Amino acid sequence: MAIDPTLAFVAASTDAGEDGVLGFRLEDGRLETTGAADGGSRPAFLAASPDGTRLYVANREGEDGRIVAYTIEERGTLSRLNAVPTGGGGTPCYCSVDPTGRCVLTAQYGGGTVSVLPIDGDGRLGGPTTVVDHEGSGPDADRQSEPHPHAFLAGPDGEYAYAPDLGADRVFVYALDPVAGRVEPADCGHVDVHPGAGPRHLAFDPTGRYAYVIGELDSTVTAFERDLDTGGLKPVAVASTLPEGFDGENAAADIHVHPTGEFLYGSNRGHDSIAVYELGGDGRPTLLGTEPTRGEWPRNFALDPAGEVLFAENADSDTIVAFAVGSDGALEATGEVTDCPSPVCLAFVTG
């Protein structure tokens, strides 16, 4: 079955019972609805398989949460396959699929754990084959008294997996065996991020030589040089996500590298903007400016696969706002606004 490469899915999570997963098709820079699926109560994150045939949703329903597996149908609708608890002692805030499509990686913020769930031949999930407890803390007594992993994803080569931990001020590095569905601490161990950063999400440049971590607590981006052999990370630069002189409350959230590797983007909740960076040949980010998201609390955002449009998800104003990406990386609102109840994650389907 050929999958439309312009399909996208959005996790919507509200207190008004409008939770679910919504399907869209990208047409001329705008999102057209294809339908909805029951994503369960409080879907928090979602990820498509590399071949574009499955969708996996991190669901925060109940005490421990679960990951829900779907088949992506030809018309952009979803058929539910199964749901499996992560076994991590807390609800999942993040999920990703490794590059081989053999396993789902999950992070449990409240449980202080990361998990690996195997994917069988028909896309169904098996029970967790690995659950790892993180250790560590940071200087913020309210947010960093214990570990809080906020993401877990494989590197571009699929040999190592990375877990930014907001509570521990660390990025944990794991050797990944997707066939066995297992991870174990890599020989390089973890890398410390500067105290009080609160690492949240991580993105790689297209070469895999550089990684970028956004700090929720101090509104920074830390650039790392990545050792392609060991998977290790070496911090090389730190940049603010905010314009000089801003003194309001802010919580940085999501981060993505442009497909060309020339630009980097990060979201600000409070300042309600997207920070735009130019990436030099040495991987260091230079802040070019910030673009208002035309809404409140952009928890997540996404670039379309071609890197031509950026979609900012304003969770507190129930909109997804489209921005054209210029040749210089700058963002310009296109006027296309999609109404969506509390959008918290948008993922495009490729494959």
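Reader: Glu216 first: buried or exposed, and at what relative accessible area?
Author: In this predicted model, Glu216 sits in the loop between β18 (210-215) and β19 (220-226). Strands here are DSSP runs of E, at least two residues long, and helices are runs of H or I, at least four, both numbered from the N terminus. Buried means under 20% relative accessible area, exposed over 50% and partly exposed in between, with a 1.4 Å probe and protein chains only. Glu216 counts as buried, with a relative accessible area of 7%.

Reader: Before I trust that, what is the average pLDDT of the protein?
Author: Local features need pLDDT (the predictor's confidence in each residue, from 0 to 100) of at least 70, side-chain atom pairs count only at 80 or more, and totals for chains, interfaces and linings use all residues. Residues are numbered from 1 along each chain as its sequence is written, and side-chain values use heavy atoms, leaving out hydrogens and water. Confidence is lowest in strand β3 (residues 30-37), at a mean of 86, and highest in strand β22 (residues 263-269), at 99. In the protein, 96% of the residues score at least 70, and the average is 94.

Reader: Back to Glu216: how far apart are the closest N and O atoms in its salt bridge with Arg200?
Author: A salt bridge here puts a side-chain nitrogen of Lys or Arg within 4 Å of a carboxyl oxygen of Asp or Glu. Arg200 comes from strand β17 (residues 199-204), 16 residues away from Glu216, and is buried too, with a relative accessible area of 3%. For Glu216 and Arg200, the closest N and O atoms are apart by 2.8 Å.

Reader: And which residue in strand β22 also forms a salt bridge with Glu216?
Author: That contact is 3.4 Å from N to O. One partner is in the loop between β18 and β19 and the other in β22, so the pair ties together parts that are 53 residues apart in sequence. Both partners are buried. The residue in β22 is Arg269.

Reader: Which residues are linked with Glu216 in a network of salt bridges?
Author: By the rule above, the structure has eleven salt bridges. Arg200 and Arg269 have already come up as partners of Glu216. The network links Glu216 with Arg200, Arg269 and Arg143.

Reader: What about Glu291 and Arg294, what is their N to O distance?
Author: Glu291 is buried at a relative accessible area of 16%. Arg294 is partly exposed, at 49%. Their side chains meet in a salt bridge, with an N to O distance of 2.4 Å.

Reader: Why is strand β8 described as largely enclosed, and how many of its residues are buried?
Author: β8 (residues 92-97) is largely enclosed by the rest of the structure, because its residues are buried throughout. It pairs with strand β9 (residues 103-108) in the antiparallel sense over five bridges, where pairing takes at least two DSSP bridges. One of the matches joins Ser96 to Leu105 in β9. The buried count for β8 is six of six.

Reader: What angle separates the ring planes of Phe152 and Tyr174?
Author: Rings of Phe, Tyr and Trp (its six-membered ring) pair if their centres lie within 6.5 Å, and planes under 30 degrees apart are stacked, over 60 edge-to-face and the rest tilted. The structure holds four aromatic pairs. Phe152 and Tyr174 make an edge-to-face one, 5.7 Å centre to centre, and both residues are buried. The angle between their planes is 70°.

Reader: Which strand holds Phe323?
Author: Phe323 is buried, at 0% relative accessibility. Its C-alpha is 5.1 Å from that of Leu310, 13 residues apart in sequence. The strand that holds Phe323 is β27.

Reader: Asp28 isn't a glycine, yet its phi is positive; at about what value?
Author: Most residues other than glycine have a negative phi. Asp28 is found in the loop between β2 (20-27) and β3, and it is exposed, with a relative accessible area of 72%. Its positive phi is about 55°.

Reader: Asp318 has a positive phi as well; what is it near?
Author: Asp318 is found in the loop between β26 (309-314) and β27 (319-325). It is partly exposed, at a relative accessible area of 37%. Its phi is near 60°.
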